[in-house]
Amino acid sequence: MIGFIRRRPLVSGGIVLLVLVLLLSSFPIVPETKQAVVVRFGKPERILNRYEPGRPIGSAGAGLSYRIPFVDQIVWIDKRVLAVDMEPQPVLSTDQRRLMVDAFARYRIVDPLLMYIRSTSEENLKSQLQTILRSDVRNELGRQPFAALLTPERQGIMDDVRTALNAQAAKFGAEIVDVRIKKTDLPDGTPLQSAFESMRTAREQEARSIRAQGLKQAQIIRAQADADASKTYAASFGQDPQFYDFYRAMQSYLTTFVGDGQDKPAPTNIILSPQNEYLKQFTGRTAPSK
Amino acid sequence: MSTFPGWAGRIGGFFTDNKGPWGPSGSGDEPPSDDGHGGGPWGDPGGKERGPLGGRTVAPLDELLRRGRMRFRGGGGLPGRPDGTLILWALAALIAIWLVFTSIHSIAPGQRGVVTRFGRYSYTLGPGVGLTLPSPIDRVQKVDVESIRSVDLGSQSSEDLMLTGDQNLLDIAYSVRWNVKNPEWYLFQLADPDETIRQVAESAMRSVISQVTLQDAMGDKRSEIETQVTDRMQRILDGYHSGIAIQGVAIQQADPPAEVNDAFKEVTAAQQDAKSYVNQANAYALQLTAKAQGEAAAFDKVYQQYKLAPEVTRRRMYYETMEQVLSKVDKTIVEAPGVTPYLPLPQVKKEQQQQQGPQQ
C-alpha cells in the first residue's frame, strides 16, 4: 500500500479523493435545522427530515442519510420558524382615516415537497407570502373602524388575518405560526400634524382646567376660613353685644387715630365740642381755673 | 453542511502537503542507487521492465536524472527523503491531535454544549469537560445560557412614536433583557432569534401601549406595562418554541413627542400654579383663624373682668382709650357754637402750635 502510494502518489491521491467525494456525496448529513427533498433527474424522490409537529428534537429525521451520487440532487429547505416582514402599508379604516401598518408573520415550511413544486425556492416562497400578507393585512384591517385598528388583537382581527394567510400559505406547503402588527403609525403630513394639534389643544384645555380648579379650591378654603373666623367671633362676642360694641369701638379709635404700631395713620385734627362726653368733667371745672 | 468542506479540505490538505517530498520521484522511475530502503526492490524491476519497452531512449533519460540527482545532493547536502514509517508516524500524530482537539470540549460555566451526531441532535453537555466522538461525527455548538443579553428598542436617537389608547402619540424607548433557557430549541427552532426578539418586542409593546392612556403610559402604570409586555413576549416566543426566556422589559423613556412638549410643560406649570393658589389660601385661612381665635380669647378675658364691675371698667377703658387717642392728635376745642376756624384748618392749627409752643 505504502509502496504503491510512493510509486504513484498522484494516482493514489486522486483515487483517495475520488473515493472520499463519492462517500461524502452518497451519505449527506442532514442537520436539525434543514429538511431536504431528494430529486432524481428532476423527479422528487424522497423527503429527508420532514417537519412534524410535536416531534422532539433529536428524534429520527436528521442525521446521516444516503443518495446515489450524481443522480440524486438534494434541495435543502429550512426547517426552522422563518420570518416574513413587510413594508409599512397604508390602511384606510371604515371611518376614512389612514394608518400606516407594519406587520410580520412567522411561518414554517411543513410540506417541503409542495413548497419545492410550487415555489421552487425559499426566496420565492418568501416573496409570495409577503405579497399575500400585504393584501390580507390591508383587506382585513380595512374593514375596521379606526379605533379597532389600534387594538387589533383584542377584536380578533389578527386571527382573521392569520386564518386568511394560512389558507393561502398551505398551498405553498407553509404553515403560518403567527401574524402580528409591529407598528401602527399615523402617516406623515396632515394626519400626524392634526394628531399633534389635538394633543396640544387637549393639553391647553387641561392646563386651564387645572388652574381653574386651583382657584376654585383656593376660594373655598378662604371662604371656609372666613366662616370659621366669624363663627369664633360670634361665639365669643355674642356673650354681650353691647359690651362688644363698646370694646370694639375703643379698639377702632385706637387703630384709626393712633395706629396699630406698624403704620402711622394720616394726621388727624379733632374738633371737640365742650358737650363731648370726654369733656364732661372738663367743662365742669375749667371756668374757675381759666 | 459546513462539516463537509472542512473535512474534505483537511484530507485534501494532507495530500497536497505530502506531494512536496514525493515530487521528484513523480516519474515513478526510482534510481536503484538510492538509499534503497523502500525504493530498491521496486526500482529494479521497474528499470528492467522499462528497458525493453522504452528501448534505448530510456537510458539517457535515466542517466540524466541520476546525474541531476547527484548534483543536487552534492550541492545541497540535504538529508534523505522521509521514508514510509516516518510519514505514517506523522499522519498518526496529526490524527491523534485532531482526535484530542475535536473530542474533548471544555464548556464554561454558564454555557451548554449542544452535541449533534451527523447533524442530528444527540445530547447536551453541561459545564466542565465533555467527551464526544471526534469531529466529523460529533459536533459541539456552545450556547451561553446564563448571561443576560439586552436589546435596546425605540428612540435612542430618533423619535419612535407609538399610538396610545386615547389616540395620542408617545415617544418611547425601552430595552428587553433575555437569555437562553433551552439551548437546543434556541439553535434549531428559530431562524434569526435576535431579529425575532426585536419584532416580538415591538409588537408586544405596541399592543400594550394601544390599550392604555397617554397619562398612564407616561406615569403611574409604567411598571404594569413592563410586566404585561414581558408576559406577552414570553407567550409569543413560547409559541415559536424559541427556547428564549424574557427576563424583563424596562421602559427607559416615555415622553410626549417633541412637537407638543411645550403644551405638556404648560400643564405642569398649571399644576404648580394651582398648587400655589391652594397654598396661599391655606396660609390665609391659618392666619385668619389664628387672628379670630386670638381676638376672641382677648375679648373673653376682658369681658370676664368687665362682668365683675361693668360700670367702672367701662369708664376706665373709655378714658384710657381717649387719653391715648387725643394725646397723639391735634385737637381743637370750640367753646361757643357757630365758631368756624380759618381754613385750611391743619395749617392754622400748626401755626398756632408753633406760636404757642415756645410760650408754653
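Which residues in helix 8 of chain A meet helix 9 of chain B?

## Helix 8 of chain A against helix 9 of chain B

Phe243(A), Tyr244(A) and Tyr247(A) do, and their partners in helix 9 of chain B are Ala298(B), Phe299(B), Val302(B), Tyr303(B) and Tyr306(B) (contact means heavy atoms within 4.5 Å). That contact splits into eight nonpolar residues, no polar and no charged. Here Ala, Val, Leu, Ile, Met, Phe, Trp, Tyr, Cys and Pro count as nonpolar, Asp, Glu, Lys and Arg as charged, and the others, Gly among them, as polar.

Helix 8 covers residues 241–258 of chain A and helix 9 covers residues 261–308 of chain B; they pack at about 115°, axes 11 Å apart. They are therefore roughly perpendicular to each other (angles of 65 to 115 degrees; under 35 is roughly parallel, over 145 roughly antiparallel, and the rest oblique). The crossing is right-handed (the near helix is turned clockwise from the far one by less than a right angle). Axes are lines fitted to C-alpha atoms, for helices over the stretch in contact, with angles running from 0 to 180 degrees between N-to-C directions. Helices are DSSP runs of H or I, at least four residues, numbered from the N terminus.

## What the model is

This is a predicted model, where local features need pLDDT of at least 70 and side-chain atom pairs count only at pLDDT 80 or more, while totals for chains, interfaces and linings use all residues. Residues are numbered from 1 along each chain as its sequence is written, chains are lettered from A in the order in which they are written, and side-chain values use heavy atoms, with hydrogens and water left out.

## Other partners of helix 9

Helix 9 of chain B also packs with helix 7 (residues 190–237) of chain A, at about 5° with axes 8 Å apart. So these two are roughly parallel to each other. Their contact residues come out as 25 nonpolar, eight polar and eleven charged.

Within chain B, helix 9 packs with helix 10 (residues 310–328) at about 125°, axes 5 Å apart. That makes the pair oblique. Val302(B) and Tyr306(B) are among the helix 9 residues here, and helix 10 brings Pro310(B), Thr313(B), Arg314(B) and Met317(B).

## The whole interface

Chain A puts 98 residues into the contact and chain B puts in 105. About 9700 Å² is buried between the chains, with carbon and sulfur atoms giving 66% (accessible area, 1.4 Å probe, that two parts lose on being put together, summed over both).

The chains share two salt bridges (a side-chain nitrogen of Lys or Arg within 4 Å of a carboxyl oxygen of Asp or Glu). Asp273(B) and Arg211(A) meet in a salt bridge, at 2.6 Å, N to O.
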